[in-house]
Amino acid sequence: MALTINGLSKTYPNGVQALKNLSLTIGNNMFGLLGPNGAGKSTLMRTVATLQDPDAGSITLDGIDVLKQKNEVRKVLGYLPQEFGVYPKMSAADMLLHLAVLKGIASAGERKEMVDALLQQTNLWEARKKSLSTYSGGMKQRFGIAQALLANPKLIIVDEPTAGLDPAERNRFLNLLSSIGRDVTVILSTHIVDDVRELCPRMAIIASGQVLQEGSPNDALAALQGKIWSKVVKSDDELKAIETQMNVISTHLVSGLHEIRVYSESNPGDGFRCVDSGLEDVYFLNLSRHTLN
Ligand code: ADP
């Protein structure tokens, strides 16, 4: 499965340009679309999911023209949007059966078999008869994946799925995603760097509707190896002075002190030590270079 996005642009009626001539190629497996709030991720995901049209550009999915052959796309698409509404009084099992009808699965036996398997896979079997309004955040998101998996989709889009989940729920959700990622294309849109680090062999970083970097997280990390330096600074004044002289990527508070990370091709001296690069460094470096441009 290959999804090819070419020269996509979108300006909303209020004048916000959400996508700027954006191009991306996405193959099998889990693809991370990483970017801050407002980067254009949801706009891109909704466009690929055939829910809105761009002003310019093209998208193909294994030879299907996504912008024209919408019904063809919908047959092979599973989508978990950011805002996910359900009929709260329905049970998970009934809701999935209902959605399976809408997906065009005509045989009642086939629907039941598929829904039962999905409830097992998403670990909702025990709670299948409970109404969805009683579900926790994590259960709702797992239900969201169950409905996205109905009718064996080839392309699955999940938009900011881990926002608001507690660490245990998030872990369980990411494990579930990774178990389905191997045979299909999963696009995981997120602003959480760890989601991408833990799951995605390929990624793109986007901001202001543009791709800043694309490729494998491992390659991106390797390219920064030996160039990330860290130091604990003692005062706000020292921090300000360093910020004017160096390329500060991030600052974290550790026991009330600022631990800063800077990008430098060579040893900056002055108490800095070389540290392993992390995907956060890749992300923040891209964002800071983008803001400077
Ligand atoms: P992300 O998913 O990365 O947070 P979005 O695609 O939601 O980004 O938003 C990109 C930009 O487009 C933001 O500035 C947002 O405010 C704007 N935007 C999104 N949807 C609409 C809309 N329906 N009308 C006007 N502006 C919108």
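How many of the protein's 293 residues, as a percentage, count as buried? The figure is 48%, where buried means under 20% relative accessible area, exposed means over 50%, and partly exposed is in between (1.4 Å probe, protein chains only). Before going further, note that this is a predicted model, in which local features need pLDDT of at least 70, side-chain atom pairs count only at pLDDT 80 or more, and totals for chains, interfaces and linings use all residues. Residues are numbered from 1 along each chain as its sequence is written, and side-chain values use heavy atoms, with hydrogens and water left out.

Let's start with the overall picture. Along its principal axes, the C-alpha trace of the protein spans about 70 × 45 × 35 Å. There are 10 helices and 14 strands; these are DSSP runs (H or I, at least four residues, for helices; E, at least two, for strands), numbered from the N terminus. The domain assignment gives domain 1 (3-221) and domain 2 (226-275), with bounds that come from an automatic or database assignment. The C-alpha centres of domain 1 and domain 2 lie 37 Å apart. As for how the chain meets itself, take the contacts (heavy atoms within 4.5 Å) with a separation of 6 or more: residues 24 or more positions apart account for 68% of them.

Now walk along the chain, beginning with glutamine 17 in strand β2 (residues 17-26). Glutamine 17 is partly exposed, at 40% relative accessible area. Setting aside residues up to four places away in sequence, glutamine 17 touches Lys10 and Thr11. Compare its position with that of proline 161: the two are 144 residues apart in sequence and 24 Å apart in space, C-alpha to C-alpha.

Next comes helix α1 (residues 41-48), which is mostly covered, with 7 of its 8 residues buried. Among them are Leu44, Met45 and Val48, along with Lys41. After α1 you meet threonine 50, whose phi is positive, near 65 degrees. That's worth a pause: most residues other than glycine have a negative phi.

Helix α4 (residues 108-121) makes a good stop. Its 14 residues reach 20 Å from first C-alpha to last, close to the 20 Å expected at 1.5 Å a residue (the expected span being 1.5 Å times one less than the number of residues). Which residues of α4 are buried? They are Arg111, Met114, Val115, Leu118 and Leu119. Look down the axis of α4 and these buried residues fall within an arc of 135 degrees, so they line one face of the helix; the arc is that of the directions from the helix axis to the C-beta atoms. What covers them includes α3 (92-102) and α5 (137-148). Just after α4, asparagine 123 takes a positive phi of about 65 degrees.

Following on to α5, you'll find methionine 139 in that helix. Leaving aside neighbours within four places in sequence, methionine 139 is in contact with Leu124 and Ala127. Methionine 139 and asparagine 171 are 32 residues apart in sequence and 12 Å apart in space, C-alpha to C-alpha.

The loop between α5 and β7 (155-159) holds alanine 151, and asparagine 152 sits in the loop between α5 and β7 too. Phi of alanine 151 is positive, near 65 degrees, and phi of asparagine 152 is positive as well, near 45 degrees. Alanine 151 is partly exposed, with a relative accessible area of 22%, whereas asparagine 152 is exposed, at 62%.

What about pockets? On a 1 Å grid over the protein atoms alone, a pocket is an open set of points where a 1.4 Å probe fits, with protein on both sides within 12 Å along at least five of seven lines, and lining residues have an atom within 4 Å of a point. The largest pocket has a volume of about 560 Å³, meaning the space filled by probe spheres set on the points, which are joined across faces, edges and corners. Its lining has 23 residues, of which Leu77, Tyr79, Leu99, Lys103 and Gln147 lie nearest the centre. α2 (70-76), β6 (77-80), α3 and α5 each supply at least two lining residues, and the largest share, 4 residues, comes from α3.

Finally, helix α10 (residues 279-292) has 14 residues that should span 20 Å, and its end C-alpha atoms are 20 Å apart, which agrees. Its buried residues include Leu279, Tyr283, Leu287 and His290.
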